[in-house]
Amino acid sequence: MSTLLYRLGSWSARHGWRVLLSWLLLVVAVTALAQAAGGELSDDLSIPGTETQQATDLLEERFAAFAGGSATVVFHVEEGVNDPAAVPIIEATLDRVRELPHVVAVSNPLAPESAAQVSADGTIAYAD
């Protein structure tokens with residue numbers, strides 16, 4: 001076996017450009033084959049018959065607002081999140097998030113009733 005590997009390595013070293021070209025052609029061929037044979041990308045995450053799917057279906061049926069995923073947007077402002085220069089930027093960001101597809105609700109950390117969403121020093125706030 002070692003003799004075979006020695007010969008292969010020796011031949012590869014003597015014919016470096018051929019080896020490199022062969023590898024490049026192989027990569028191109030595999031990429032083309034993958035694109036031709038590949039299917040569509042999908043973000044549908046359902047697995048029928050599983051307990052997780054049953055729970056997801058139940059949430060969608062009874063609590064549609066909580067059925068999907070959730071995300072947290074964090075704001076950090078050295079001068080404080082209630083700084084007059086920061087407030088319009090934070091609100092514009094929240095408006096853009098509200099316009100995203102599949103977004104049901106966005107909390108506003110700047111609202112008076114959302115004081116729990118702002119850090120004690122007032123420099124960090126989050127929106128769900």
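Contact here means that heavy atoms lie within 4.5 Å of each other. The structure described below is a predicted model, and the report moves from its nonpolar core to the helix and strands around that core, and then to three individual residues.

**The core and the elements that build it**

The largest nonpolar core has eleven residues, namely Phe75, Val77, Val81, Ala86, Ile90, Leu94, Val97, Val106, Leu110, Ala125 and Ala127. Helix α4, which spans residues 87-98, and strand β2, which spans residues 124-127, each supply at least two residues of this core, and the largest share, three residues, comes from α4. In soluble globular proteins, nonpolar side chains tend to be buried together.

Helix α4 has twelve residues, and the distance from its first C-alpha to its last is 16 Å, which is close to the 16 Å expected at 1.5 Å a residue. Its buried residues are Ile90, Leu94 and Val97. Because these residues cover an arc of only 55° around the axis, they are on the same side of α4. On the other side of the helix, Ile89 and Arg96 are exposed. The buried residues of α4 pack against β1 and β2, and one of them, Val97, also touches Val103 and Val106 when residues up to four places away in sequence are not counted.

**The strand pair**

Strand β1, made up of residues 73-76, runs antiparallel to β2, and four bridges join the two. Within this pairing, Val73 stands opposite Ala127 of β2. Strand β2 itself has two faces, of which the covered one holds Ala125 and Ala127 while the uncovered one holds Ile124 and Tyr126. In a regular strand the side chains alternate between the two faces of the sheet. The covered residues Ala125 and Ala127 are also members of the nonpolar core.

**Gln117 and its surroundings**

Which residues does Gln117 touch, not counting residues up to four places away in sequence? They are Ser107, Asn108, Pro109, Ile124, Ala125, Tyr126, Ala127 and Asp128. Gln117 is found in the loop between α4 and β2, and, because its relative accessible area is 11% and residues under 20% count as buried, Gln117 is classed as buried. Its side chain makes polar contacts, which are listed below together with one made by Gln53.

| Side chain | Partner | Distance |
|---|---|---|
| Gln117 | side chain of Ser107 | 3.0 Å |
| Gln117 | backbone oxygen of Tyr126 | 2.7 Å |
| Gln53 | backbone nitrogen of Ile47 | 3.0 Å |

**Gln53 and Arg98**

Gln53 has its place in helix α3, which covers residues 51-62. With a relative accessible area of 13%, Gln53 is buried. Leaving aside neighbours within four places in sequence, Gln53 is in contact with Leu45, Ser46, Ile47 and Pro48, and the side chain of Gln53 reaches the backbone nitrogen of that same Ile47 at 3.0 Å.

Arg98, by contrast, is found in helix α4, where its relative accessibility of 35% makes it count as partly exposed. Not counting residues up to four places away in sequence, Arg98 touches Val103, Val106 and Asn108. Of these partners, Val103 and Val106 are also touched by Val97, while Asn108 is among the residues that Gln117 touches. Arg98 and Asn82, finally, are 16 residues apart in sequence and 20 Å apart in space, from C-alpha to C-alpha.

Technical notes
Residues are numbered from 1 along each chain as its sequence is written. This is a predicted model: local features need pLDDT of at least 70, side-chain atom pairs count only at pLDDT 80 or more; totals for chains, interfaces and linings use all residues. Side-chain values use heavy atoms; hydrogens and water are left out. A nonpolar core is a set of buried Ala, Val, Leu, Ile, Met, Phe, Trp, Tyr and Cys residues joined through side-chain atoms within 4.5 Å. Buried means under 20% relative accessible area, exposed over 50%, partly exposed in between (1.4 Å probe, protein chains only). A polar contact is a pair of N or O atoms within 3.5 Å; within protein, one must be able to donate a hydrogen and the other to accept it, and residues adjacent in sequence count only if both atoms are side-chain atoms. Two strands pair if DSSP finds at least two bridges between them. The expected span of a helix is 1.5 Å times one less than its number of residues. The arc is that of the directions from the helix axis to the C-beta atoms.
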